[in-house]
Amino acid sequence: MTSTSGHRSVIPPGRLRTLTSMLESDNQSLLRDMRNAMNMMKEVAVDLETDNKSEMVKELENGLIQLLETSDECLHFSSAIQSIGNVYEPGPQPTDFRKLFDAEIAKSKATSPAQNQTFLRQFREAVWSVHHSGQPMPGEEQEDIIMTSLEHNLLNVTCPLIGKSVTELVDPVRSMDCKHIYEKKAIMQHIKKSGGRCPVAGCPKVLQAQRIVCDAFLLMEIEDLRQMGKQTAGSGVVEDFTMLPEAAEDDEE
């Protein structure tokens with residue numbers, strides 16, 4: 001596999017982007033299959049707990065933890081592939097792709113927290129609620145549950161250009177520089193018309209089209225946010241302080 005081989009070589013950026021895009025797409029399919037399996041495991045665990053088969057539930061949770069760890073590794077793998085495809089430029093010397101790939105993996109792990117802790121908590125809460133509905137889990141107060149339900153890794157939960165929740169975006173993308181999230185078509189048009197300044201009020205970053213991507217973590221984070229929304233029955237408990245450009249301008253006047 002070109003992107004992970006230990007030999008040094010020179011690959012045209014266009015070809016490399018095509019190859020990494022194909023690999024990243026395959027990896028995203030694998031991640032979706034993993035998430036579907038996790039959801040099924042949660043449903044089975046609830047049924048087992050209903051039948052008071054706690055030992056089997058524990059075995060299932062241990063299996064889920066292993067699958068979550070594998071999923072996190074796949075997320076970092078996907079992030080590294082995508083990053084290499086987006087930023088790679090051949091230099092005067094042949095590129096050591098093994099070294100480059102390992103560096104991107106390390107960078108992803110350093111900058112992106114484990115994505116699946118929210119799902120593990122949802123699993124445990126679902127099992128706990130079978131016999132203790134409305135009660136906090138051991139060692140927690142009700143406030144802890146409320147705060148946990150608000151935790152997510154997204155910098156903004158509303159597209160600053162079209163005003164829609166990120167869970168409703170058709171083609172969500174994120175800036176590799178400022179980490180803000182947008183609808184792809186809207187942000188690409190914005191970059192062409194405005195010169196690239198991030199549309200989020202107060203953000204100083206100048207955006208580049210090639211650095212606006214649907215990164216490996218984004219779809220998982222949006223799905224986690226969507227699940228949080230279902231748990232709170234659409235009560236709007238997730239606060240978003242993103243201001244639309246028009247609103248920001250009105251406030252400044």
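The following exercises, each with a worked solution, examine the helices, strands and cysteines of a predicted model.

Residues are numbered from 1 along each chain as its sequence is written. In this predicted model, local features need pLDDT of at least 70, side-chain atom pairs count only at pLDDT 80 or more, and totals for chains, interfaces and linings use all residues, while side-chain values use heavy atoms, with hydrogens and water left out.

**Exercise 1. Overall architecture**

Determine how many helices and strands the chain contains, and in which pattern they follow one another.

Step 1. Helices (H or I, at least four residues) and strands (E, at least two) are taken as DSSP runs, numbered from the N terminus. The chain has eight helices and five strands.

Step 2. Along the sequence, these elements give the pattern β-α-α-β-α-α-α-β-β-α-β-α-α.

Step 3. Of the 253 residues in the chain, 40% are buried; buried means under 20% relative accessible area, exposed over 50%, and partly exposed in between (1.4 Å probe, protein chains only).

Step 4. A contact requires heavy atoms within 4.5 Å. Among contacts between residues at least 6 apart in sequence, 69% join residues at least 24 apart.

**Exercise 2. The sheet around β3**

Establish the strand order of the open three-stranded sheet and the pairing within it.

Step 1. Two strands pair if DSSP finds at least two bridges between them. The order is β4-β3-β5, with antiparallel pairing.

Step 2. β4 and β5 each have a single partner strand and stand at the edges, so one side of each is left without a neighbour in the sheet.

Step 3. Three bridges link β3 and β4, and Val 173 stands opposite Tyr 182 in β4. These two strands form a hairpin with five residues between them, and Lys 179 in the turn has a positive phi of about 75°.

Step 4. On the β5 side, two bridges join β3 to its antiparallel partner, with Ile 212 as the bridge partner of Ser 175.

Step 5. In a regular strand the side chains alternate between the two faces of the sheet. In β3, Pro 172 and Arg 174 point one way, Val 173 and Ser 175 point the other way, and all are buried.

**Exercise 3. Helix α3**

Compare the span of α3 with expectation and locate its buried residues.

Step 1. The expected span of a helix is 1.5 Å times one less than its number of residues. For the 15 residues of α3 (residues 97–111) this gives 21 Å, and the end C-alpha atoms are 21 Å apart, which agrees.

Step 2. Phe 97, Phe 101, Glu 104, Ile 105 and Ser 108 are buried. Seen down the axis, the buried residues fall within an arc of 100° (taken from the directions from the helix axis to the C-beta atoms), so they line one face of the helix.

Step 3. The face turned away from the buried side carries the exposed residues Lys 99 and Ala 110.

**Exercise 4. Helix α6**

Identify the buried residues of α6 and what covers them.

Step 1. In α6 (residues 184–194), the buried residues are Ala 186, Ile 187, Met 188, His 190 and Ile 191.

Step 2. Their cover includes β3 (172–175), β4 (181–183) and β5 (212–213).

Step 3. Gly 195, with a positive phi near 90°, follows the helix.

**Exercise 5. Cysteines**

State how many disulfides the structure holds.

Step 1. A disulfide is a pair of cysteine sulfur atoms within 2.5 Å. The structure holds zero disulfides.

Step 2. Cys 203 is in no disulfide, and the nearest cysteine sulfur, that of Cys 198, is 3.6 Å away.

Step 3. Cys 203 counts as buried at 7% relative accessibility, whereas Cys 214 is partly exposed, with a relative accessible area of 23%.
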